[in-house]
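Here is a short set of questions and answers for a first look at a structure. Each answer sets a value against its definition.

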There are 2 protein chains.
Amino acid sequence: MSTREIRQTLFAQFAAVADALAHGSRLALLELLAQGERDVETLSGLLGVSVASTSQHLQRLKHAGLVSARRDGRRRIYRLASDEVSALVLNIGKVAEACLASVEKIVNQQLRAQDEWPPVSTDELATLSARRAVIIVDVRPAEEYAAAHLPGAVNIPLEALRRKMSRLPREREIVVYCRGPYCLLALDAMRMLRRHHYRVRRLEESVPDWRRAGLPVETGPGSVRHARA
Amino acid sequence: MSTREIRQTLFAQFAAVADALAHGSRLALLELLAQGERDVETLSGLLGVSVASTSQHLQRLKHAGLVSARRDGRRRIYRLASDEVSALVLNIGKVAEACLASVEKIVNQQLRAQDEWPPVSTDELATLSARRAVIIVDVRPAEEYAAAHLPGAVNIPLEALRRKMSRLPREREIVVYCRGPYCLLALDAMRMLRRHHYRVRRLEESVPDWRRAGLPVETGPGSVRHARA
DNA sequence: TTAACATTCAACTAATAAATTGAATATTAT
DNA sequence: ATAATATTCAATTTATTAGTTGAATGTTAA
């Protein structure tokens, strides 16, 4: 195999990975799978895309090696091949922000502008959390919280927030997080909490980043105490 | 603009970036442009792809915001929009290595296997270089060396190496580098030097990484002394 | 065994992409 | 002005892709 052939083969394979990423739905699927494994129908629902279409996108991702699948009864459960994949998706987002004016505009006007205060950094959160100065709220769906969440975080899915908000004390600052910087759940939560005069900031990092950084995550469902009306 | 629309727009734009990367020739173009700006004809020659095709690939990259172009006389000079783009290309390579068995095999058998000793790390090189324990050899073409090279490196393009090798002292260890981990120039150089009983290792990082890490690079052509027969 | 279910497969349509060719454009040199 | 040059544009062919529909597969529950 000549030097030239090796180079061409390598870059062609890299291109195959990029090709697998080259569709909005597939990127959204990877963002979801970064939170934990899921079956096809659930993904289809969360995405708002037909089951057949979702299945085919998942198969393309699998063919590119970015996800793997296993059977569980009559369901097929897909999972990310590696946390590196979600880092790659974030990297694409970062480059898109840097290189595409249209993206930069959306991010600044629609996402960043909601943040009256700058997002909390991972380091800062560690400090605040250690001296119990903040309440960490995970606003993702219960399944994703159960798969992995930040140590000490409580789970209040966005859809339940209005109902359960009253349990949150107003004295302590609240830090919300969701699936990552391009997930909008935390922004919606922040807006809602601010309207009710909570002090709330956002954590940009999320579980996949946290785990990739070698920091510990907790697993298991939210407490029954919180889940009761 | 609804939350859902924002999310879909964002991911669609991210997908456009991935789409721009989804071709072997375009990834190879980005690797070349990461070394410094270049005109279309030169890129076409280095790539071994027709001028028209090269031009069209460059335009797609430009449309995605990954490169920019300026005129210089009758030439059109393309350059990377940001060093982040070359980091993204490396990230894709890394994920491809982790996720695609075929890539992992090629990298291990064809690239890594050539390294009898592990590559030099950036930190190690800094130490070795500070006490003049090594000679750093940049085996890229002269234009790329001139655009930016590691401090203290001498330029011996691979094609000139056989002729100029004798100038290298055998007492000191040699560290070679080229365009990055997926460029094969340094490997060829290493093989050639080892056949002539030089002690030689490889630096995996390259100029774009070096610069992105905030380390200083030098510019300017190689010395006349070295260029003379 | 049969029915119900989750997922995949196969076939189809419409849209998009890659490479090639020759013409068109813009800049410099004569 | 005119010729030469570097690049882009336009048109073409061929191949690939996304989404839809309905049938096929494989698993569990009745």
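The questions below deal with DNA strand C and with the two copies of the chain. This is a predicted model in which local features need pLDDT of at least 70 and side-chain atom pairs count only at pLDDT 80 or more, while totals for chains, interfaces and linings use all residues. Residues are numbered from 1 along each chain as its sequence is written, chains are lettered from A and ligands numbered from 1 in the order in which they are written, and side-chain values use heavy atoms, with hydrogens and water left out.

Q: What makes a residue count as near DNA strand C?
A: One of its heavy atoms must lie within 4 Å of the strand. There are 22 residues around DNA strand C, and S55(A), Q59(A), R76(A), Y78(A) and R60(B) come nearest. Of the strand's atoms within 4 Å of the protein, 84% belong to sugar and phosphate.

Q: Why is the pair between Q59(A) and a phosphate oxygen of DNA strand C called a polar contact?
A: A polar contact is a pair of N or O atoms within 3.5 Å (within protein, one must be able to donate a hydrogen and the other to accept it, and residues adjacent in sequence count only if both atoms are side-chain atoms). The polar side-chain atom of Q59(A) is 2.4 Å from the phosphate oxygen, so the pair qualifies.

Q: How do you know that the two copies are related as by a two-fold rotation axis?
A: Superposed by least squares on the C-alpha atoms of residues with pLDDT of at least 70 in both, chain B falls on chain A with an RMSD of 0.0 Å after a turn of 180° and a shift of 0.0 Å along the axis. The relation is therefore as by a two-fold rotation axis. The C-alpha of A18(B) is the nearest to the axis in chain B, at 2.7 Å.
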